[in-house]
Amino acid sequence: MTVLWFFIGILGGLLGGMGMGGGTLLIPLLTGLGGVDQHVAQAVNLIAFVPMSVVALLIHARNGYVRTRGLTPLIVSAVLSAGVFSVFAQLITAPVLKRGFGIFLVILGICLLTAQIMRFIKKKRTKNKNQSPAG
Amino acid sequence: MNKANIRKFVQTNVMNNVRKKRLFGITAGILIGSINGLLGGGGGMLAVPALTALGLNAKQSHATAILVILPISIMSAIIYLAAGRADWSVLWSGGIGVLLGGAAGAVALSKLDSGVVRLLFAIVMIAVGIRQAIG
């Protein structure tokens with residue numbers, strides 16, 4: 001099992017490193033393939049995220065991409081609600097939490113798919129526009 | 001109406017008011033924190049579009065999303081740990097995998113056609129989500 005968890009971790013990390021929300025697939029892979037309890041899988045993702053994001057944040061900050069102005073209300077409200085809902089998550093049974101996670105994934109997946117298809121269509125349209133005056 | 005126009009429209013007509021911007025920040029923060037705390041991940045996927053709506057560009061949004069998620073994850077990780085949800089054998093093998101995969105993913109990002117990767121990712125997400133929601 002240890003080897004399997006390691007490879008699931010690599011897969012989740014790969015997606016996370018590419019900026020596509022690694023945890024969103026790491027958690028279902030750990031529960032579905034790795035036989036890990038839903039709450040434990042969520043804890044793994046939360047804890048593993050901390051060292052990885054510290055490194056990523058330092059790199060991004062050095063490159064000047066991190067903006068902090070006007071973000072205090074967002075961050076404070078996010079931390080407070082995270083505290084409340086993390087406690088709430090402990091009171092929910094694993095099957096219910098798993099189902100909720102699945103629904104969240106489907107919604108997120110549909111949003112991503114739509115956005116990506118729109119991007120492809122736009123790309124094609126601008127390509128056609130650039131070609132038509134020449135022809 | 002393209003994306004730049006939409007952003008400009010949002011900035012001039014909706015976000016010009018500091019109070020409205022703060023209200024949007026608080027609302028987005030509550031949503032990001034609740035999802036990330038409840039499901040142990042996924043907050044970053046919501047933080048990026050929220051930051052874009054606040055006027056950040058794509059690179060800034062991705063980088064700053066990490067700044068938003070880091071304190072949330074620390075807060076949630078502490079609560080999950082206190083609730084005894086950490087399984088150290090999963091955490092070590094999976095966590096090291098995540099760190100290695102994360103580094104590799106960050107390097108691979110510049111070499112892959114991220115459009116196709118994103119499309120595949122969205123499809124996998126929907127499939128995994130349906131399995132989670134039904135199973």
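This is a short tour of chain B, from its fold to its surface and then to its contacts with chain A. Keep in mind along the way that the model is predicted.

**Stop 1: chain B as a whole**

Select chain B and colour it by secondary structure. You should find 6 helices and 0 strands, so named in order from the N terminus as α-α-α-α-α-α. The chain has 135 residues, and 44% of them are buried. If you like to think in terms of contacts, take those in chain B between residues at least 6 apart in sequence: 45% of them join residues at least 24 apart.

Now switch on the surface of chain B. Its accessible area is about 6,900 Å², and carbon and sulfur atoms account for 70% of that.

**Stop 2: a nonpolar patch**

With the surface still on, select Leu81(B), Trp88(B), Trp92(B), Ile96(B) and Leu100(B). Together these residues make a nonpolar surface patch with about 560 Å² of accessible area. Which helix gives the most to the patch? Highlight residues 88–108 of chain B, and you have it: helix α5 supplies 4 residues.

Next, click on Leu81(B), which sits in helix α4, residues 58–82 of chain B. Is Leu81(B) buried or exposed? The reply falls in the middle: Leu81(B) counts as partly exposed because its relative accessibility is 37%, between the 20% limit for buried and the 50% limit for exposed.

**Stop 3: where chain B meets chain A**

Bring chain A into view and select the residues on either side that touch. In chain B there are 84 of them, in contact with 81 residues of chain A. The two chains bury about 7,200 Å² between them, with 79% of that on carbon and sulfur atoms. To see where chain B gives up the most area to chain A, show Leu39(B), Arg85(B) and Gln132(B) as sticks; together they make up 10% of what the chain B side buries.

What about polar links across the boundary? Between chain B and chain A, 14 residue pairs are in polar contact, counting pairs with both residues at pLDDT 80 or more, while the salt bridge count is 0.

Finally, colour the helices that give two or more residues to the side of chain B touching chain A: α2 (18–39), α3 (43–53), α4, α5 and α6 (114–134). Which of the elements has the largest share of that side? Select α4(B), which contributes 20 residues. Helix α4 is also the home of Leu81(B), one of the residues in the nonpolar patch from the previous stop.

How values were computed:
Residues numbered from 1 in each chain as written. Chains lettered and ligands numbered in written order. Predicted model: local features only at pLDDT ≥ 70, side-chain atom pairs only at ≥ 80, totals over all residues. Heavy atoms only, no water. Buried < 20%, exposed > 50% of the residue type's maximum accessible area, 1.4 Å probe, protein only. Contact = heavy atoms within 4.5 Å. Areas by Shrake-Rupley, 256 points an atom, 1.4 Å probe, with all protein chains shown as cover. Patch = residues over 30% accessible without salt bridge, like charges linked within 9 Å, V, L, I, M, F, W, Y side chains within 5 Å. Salt bridge = Lys/Arg side-chain N within 4 Å of Asp/Glu carboxyl O. Buried area = accessible area lost by both parts, 1.4 Å probe. Polar contact = N/O pair within 3.5 Å; in protein donor to acceptor, adjacent residues only side chain to side chain.
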